[in-house]
Amino acid sequence: MYADYVFYRDTYHGSAVDEDAFAALERQASLFIDRITFNWLHQGRPVTDAVKMAACAVVDALKEHEDARQEAVTAAGVKSENTDGYSVSYQNADDIRAAVESAMLEAARPYLIYTGLMDRSIGGCCRC
């Protein structure tokens, strides 16, 4: 795990996630950070505040998705609804997964983009 709840609360100034829920979401966020950084952090690269901030931002994105999913579950019992032309349609699972991935990437990118961690080249940074 890259960030703890104290960092989330005091440095990142996050408030969307309580301490009880933080560990599970941060574990998912860390796995995502590992994937988009090509596992550089497990190969000796330092875990900087930028990495911790990115993890916290991904935690918030995951929490937002979790809240939206919970709202959808609550509304799932509705079989049909039409109010003067207003209707609801639902996305398929692949579209939802792609949207969540995109939201997590957009949350992490501002913190990691200039660290070299998102670079696939050998050595982890551009030598241009």
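These legends describe close-up views of a predicted model of one protein chain.

**View 1. The whole chain is built from helices.** The secondary structure of the protein chain comes to four helices and zero strands. Along the sequence the pattern reads α-α-α-α. The chain has 128 residues, and buried residues make up 31% of them. Its accessible surface comes to about 8400 Å², and carbon and sulfur atoms account for 52% of that area. Among contacts between residues at least 6 apart in sequence, 76% join residues at least 24 apart.

**View 2. The largest nonpolar core draws on the four helices.** In soluble globular proteins, nonpolar side chains tend to be buried together. The largest nonpolar core of this model has 32 residues. Which of them touch the most other members? They are Y8, I33, V58 and L112. At least two residues of this core come from each of α1 (5–10), α2 (19–36), α3 and α4 (93–112). The largest share, ten residues, is supplied by α3.

**View 3. Y8 and its contacts.** Y8 is one of the core residues that touch the most other members. Not counting residues up to four places away in sequence, Y8 touches H13, G14, S15, A16, V17, F22, C56, V59 and D60. One of these contacts, H13, is the subject of View 7.

**View 4. V51 is a buried residue of helix α3.** V51 is found in α3, which covers residues 49–75. Is V51 buried or exposed? V51 counts as buried because its relative accessibility is 0%, and the cut-off for buried is under 20%. Leaving aside neighbours within four places in sequence, V51 is in contact with Y2, I33, L41, P46, L112 and L117. Of these contacts, I33 and L112 are also among the core residues that touch the most other members. L41 lies ten residues from V51 along the chain, and the C-alpha atoms of the two are separated by 9.2 Å.

**View 5. T115 and V51, from separate parts of the sequence.** T115 lies in the segment after α4, whereas V51 is found in helix α3. The two are 64 residues apart in sequence and 8.9 Å apart in space, C-alpha to C-alpha. T115 is partly exposed, with a relative accessible area of 27%; V51, at 0%, counts as buried. When neighbours within four places in sequence are left aside, T115 is in contact with R45 and A50.

**View 6. Two buried residues, T37 and S30.** T37 lies in the loop between α2 and α3. With 0% relative accessibility, T37 counts as buried. Outside its neighbours within four places in sequence, T37 is in contact with L112 and L117. Both L112 and L117 are also contacts of V51. S30 lies in helix α2. S30 is buried too, with a relative accessible area of 7%. Which residues is S30 in contact with, leaving aside its neighbours within four places in sequence? They are M1 and Y2. Y2 is also in contact with V51.

**View 7. H13 and N39, two loop residues with positive phi.** H13 has a positive phi of about 65° although it is not a glycine. N39, also not a glycine, has a positive phi of about 65°. Where in the chain do they lie? H13 is in the loop between α1 and α2, and N39 is in the loop between α2 and α3. H13 counts as exposed because its relative accessibility is 60%, and exposed means over 50%. N39, at 33% relative accessibility, counts as partly exposed. T37, shown in View 6, lies in the loop between α2 and α3 as well.

**View 8. The second largest pocket.** About 270 Å³ of space lies in this pocket. Its lining has 14 residues, and those nearest its centre are Q28, L62, H65, V100 and M104. Two or more lining residues are given by each of α2, α3 and α4. Which helix gives the most to the lining? α4 does, with six residues. By class, the lining has seven nonpolar, two polar and five charged residues.

Key
Residues numbered from 1 in each chain as written. Predicted model: local features only at pLDDT ≥ 70, side-chain atom pairs only at ≥ 80, totals over all residues. Heavy atoms only, no water. Buried < 20%, exposed > 50% of the residue type's maximum accessible area, 1.4 Å probe, protein only. Contact = heavy atoms within 4.5 Å. Areas by Shrake-Rupley, 256 points an atom, 1.4 Å probe, with all protein chains shown as cover. Core = buried A, V, L, I, M, F, W, Y, C linked by side-chain atoms within 4.5 Å. 1 Å grid on protein atoms, 1.4 Å probe; cavity = no way out; pocket = protein on both sides within 12 Å on 5 of 7 lines; lining within 4 Å. Points joined across faces, edges and corners; volume = space filled by probe spheres on them. Nonpolar A, V, L, I, M, F, W, Y, C, P; charged D, E, K, R; others polar.
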